[in-house]
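Biologist: I would like to go through the labels used for this model. For each one, tell me what it rests on.

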Amino acid sequence: MPKQSQRDLTEVLLSSQKLYKPSKEIIKEANVRDYDKILKQAARDPEKFWAEAALDLHWFKPWTKILDKSKKPFYKWFTGAKCNLAYNALDRHIGTDIEKKTAIIWEDETGKTRKYTYLELYQEVNKLVNGLRGIGVKKGDRVAVYMPNIPEIAMAMLACAKIGAMHSVVYAGFSATALADRINDAKAKVLFTADGSFRRGKVINLKDIADDAVKQCKSIKKVIVVKNNNEKINFNPKLETWYDDFVKGQSMEAKCAQMDSEDPAFVLYTSGTTSKPKGVVHVHGGYPVGVLRTIKWVFDLKGDEIFWCTADPGWITGHSYIIYGPLLAGVTTLMYEGMPDIPQPDRIWQVVEKYKVNVLYTAPTLIRAMMKYGPEWPAKHAMPSLKILGSVGEPINPEAWKWYYKYVGKNRCPVMDTWWQTETGSHMITPLPCAPLKAGSACKPFPGIIADVVDKKGKKAPTGKGGYLVIKNQWPSMIRTIFNNPERFIKTYWKEIKGVYFTGDIAFKDKDGYYWIQGRSDDVLKIAGHRLGTAEVESAFVSHKAVVEAGVIGVPDPVKGEVIKAFVILKQGITASDELKQELKTHVRTTLGPVAVIKDIAFVEKLPKTRSGKIMRRVLKAQELGLPLGDTSSLV
Ligand code: WT7
C-alpha cells in the first residue's frame, strides 16, 4: 500500500463536490473551448494529436516516423527529423513581427531592471555561441550553469542549445559539493556562474561556491563569470573570464546546429531514492513540442502576453516555463531575481501590477506564505491584467487554492493546478481554462496523455481509492534516459509496474474522473516544492564526524509542505547537545545547500530496520505523526 497521505482528506473530499465553472468570457477567449470534446478527440489517436502539435515548430527536415517503440523503453519521437530547440525558441521569430517584441523583462529585488527584445536576445545569444565555439565547445559537449535568475542564464542555455552542446543547469541554492557532483557526473567542460545573487535581501557570493566546486572538477576548462552584483571576488584569469569580455567583439550572427530530433538538448539533475541524483535527459525534437502545446493551451496564450513563472531556471519549471515555453510561444517572460516578500509582503503583487502580468505561475508554498501575511496585501493591488493563474510543485491544499482564486484572481481567473515532473518535461495532469475546476485537484490528463491510478500489479484502483499514478502511453517531452545510466532509467521508471511509466506519486480519482495527487510513494521529499532524496540527506548527516547513522523523514509543515526531521545515532563517546544539533543542521546545509531545511533532530540509540538492514522510514514517520504502524512483518 502507498504510504499514508499527507493531505487533509476531509478537506479534499468536501472540495471534490464543488465545481468552479469557467466564465463566458474565459470560454469565449480560450484556445480550446470544449474540454470534453478535445479530450475525446486526442484520446482517439494521441500520436496524431502530438504530430499536429509538432507542426507549430520549425523542422529543418520532416520526420519519417512519429513514435518509434522498437527499442522501448527508449522511445523515440519524430525520428528522421532535423531541428533545434534554440532555433525554435528564438531564431524562428527573427524576421517576423515578434522580433521587435520584448522577450525578457528582468527585475531584481532592489528594483533594477533590464529588457531584451527578441532581436536583441538573438544577437546576444549569437555572440555567446561564437565565443563558446571559439573555445572549442561543440555538439555533444556538456556545459554547467550555476547562475541566478538573470537574462544571462537564458542566454547561456540558448547558446548551448544552438551549438548542440548540452546544458546542465544547477540551482544556485545548491552547495559546492552538490555542484561538483553534478559537474563531474556530466564531465562538463565549461561553467557559467556569476559574482553574486540576491536572496532574502542578502547578497550570496556564488563565485566562492563555484570556486570550491571547480577545485574538485578536472573537466572544467573555462569559467565564465557574469558581473551581477559587483561583488569583490577572487579571480583567476588563467581559468576565468568575465562574461562581458567573453562576448565583446563577437559577431551577432551564428550558424545554428541542425540536430537530430532525438539528440540530447540538456541534462537536469533531480533527486531519487539513492544518494546520487539522476541526470534527466531531454531532447531537441519532442521536448519543445510538449512545452509549447501545454503552455499555449493551459495558460491560453495568444502571443502578446506577459508571462511570469516565479520558479528558478535551475528547476525544470524554470527550463520549461520561464525560458523555453514563453520563447517558443513568442510571448514576454518575466524573470524576477529576489524573494516575493522583500522589501514588503506585497512585492509579488506590485510586480504583477507594474508589468501588467497576464499569467502568474507559482507554487503552493509561496501561496501559503502569502496567506500568512493576509489578504490585505494583494488587496492593495487591483491586478486587472491577470487572466490565468497557475500552481505547481506539490499538491495545493483546497484552502490555499481558494485563497489564490479569491484574493489574487479576484474570483475571475481560473487556477491551473499543473501536475508534472522533471522527467515528464511538460504538464501531464492539468485543467485547461475551459474546464470546470475543483479546488485542490489537478483535474484530468492533458489531451494526448493517458494516465491511471493502479495497484502494484497494474490493476485499476477503485474510484476514491489511493494507488500509484502511472502514465500508460508515451508523450513527446518524456525523459529519454538518465545520463550515463540507462539501467537506472529502466529500473526507476519502467520496472516498478509492468508496461507503464511509474511516476512515484500516489493519487486517487473521484467519481468525475478528477485526479487528486496525494504525494510521493517513495523516499523522495518535497521541501517547498523542491525535490530532495532522504538518502541524500542521510549521507550528508553521516559525512559529519560525530554521526554513525541517520534516518530522515518528511513531516508536514503549514508553509513548506514538508520539512525534514532527522533521527541520528551518534558515535560512541559523543554527547548529545543543542550545540551539536545546530552544528549538524549547518553541516547538512553546507553539504547540500539551503534547500535542505532541517526542522528537528532527535538523537536515538537505534533505527527501525528491515532484516536486510534497510532503514524503515515509514515506521519512523508513523511514530512521529502518531499514525498506525502498518505492516511491520519485515521489521527486526
Ligand atoms: C514531483 C515532481 C514539475 C515541476 C516542479 C517539480 C510533485 C509537482 C504537482 C502538483 C501535486 C505535484 C509530484 C511530482 N508535484 N506538481 N500540481 N500537484 N504534486 O518537479 O522536482 O521533478 O518534482 O512534484 O510529487 O512527482 P520535480
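**Labels and their cut-offs**

Modeller: Glutamate 305 is buried, its relative accessible area being 3%. The model is predicted, local features need pLDDT of at least 70, side-chain atom pairs count only at pLDDT 80 or more, and totals for chains, interfaces and linings use all residues. Residues are numbered from 1 along each chain as its sequence is written, and side-chain values use heavy atoms, with hydrogens and water left out.

Biologist: Why is glutamate 305 called buried?

Modeller: Buried means under 20% relative accessible area, exposed over 50%, and partly exposed in between (1.4 Å probe, protein chains only). Glutamate 305 has 3%, so it is buried.

Biologist: What makes lysine 387 and glutamate 305 a salt bridge?

Modeller: A salt bridge needs a side-chain nitrogen of Lys or Arg within 4 Å of a carboxyl oxygen of Asp or Glu. For lysine 387 and glutamate 305 the N to O distance is 3.2 Å, so the pair qualifies. Lysine 387 lies in the loop between α15 (376-379) and β19 (388-391), and glutamate 305 in the loop between α11 (286-298) and β16 (306-309), so the pair ties together parts 82 residues apart in sequence. Helices (H or I, at least four residues) and strands (E, at least two) are DSSP runs, numbered from the N terminus.

Biologist: Is lysine 387 buried or exposed?

Modeller: Lysine 387 is buried, with a relative accessible area of 16%.

Biologist: Why is lysine 302 called partly exposed?

Modeller: Its relative accessibility is 44%, which falls between the two limits, so lysine 302 counts as partly exposed. Lysine 302 forms a salt bridge with aspartate 300, the closest N and O atoms being 3.3 Å apart. Aspartate 300 is buried, at 3%.

Biologist: How many salt bridges are there by this rule?

Modeller: The count comes to 37.

Biologist: How do you know that arginine 520 makes a polar contact with the ligand?

Modeller: A polar contact is a pair of N or O atoms within 3.5 Å; within protein, one must be able to donate a hydrogen and the other to accept it, and residues adjacent in sequence count only if both atoms are side-chain atoms. A polar side-chain atom of arginine 520 is 2.8 Å from an oxygen atom of the ligand, so the pair meets the limit. The protein buries 96% of the 550 Å² that the ligand exposes when taken alone (Shrake-Rupley method, 1.4 Å probe; for residues, only the protein chains shown count as cover).
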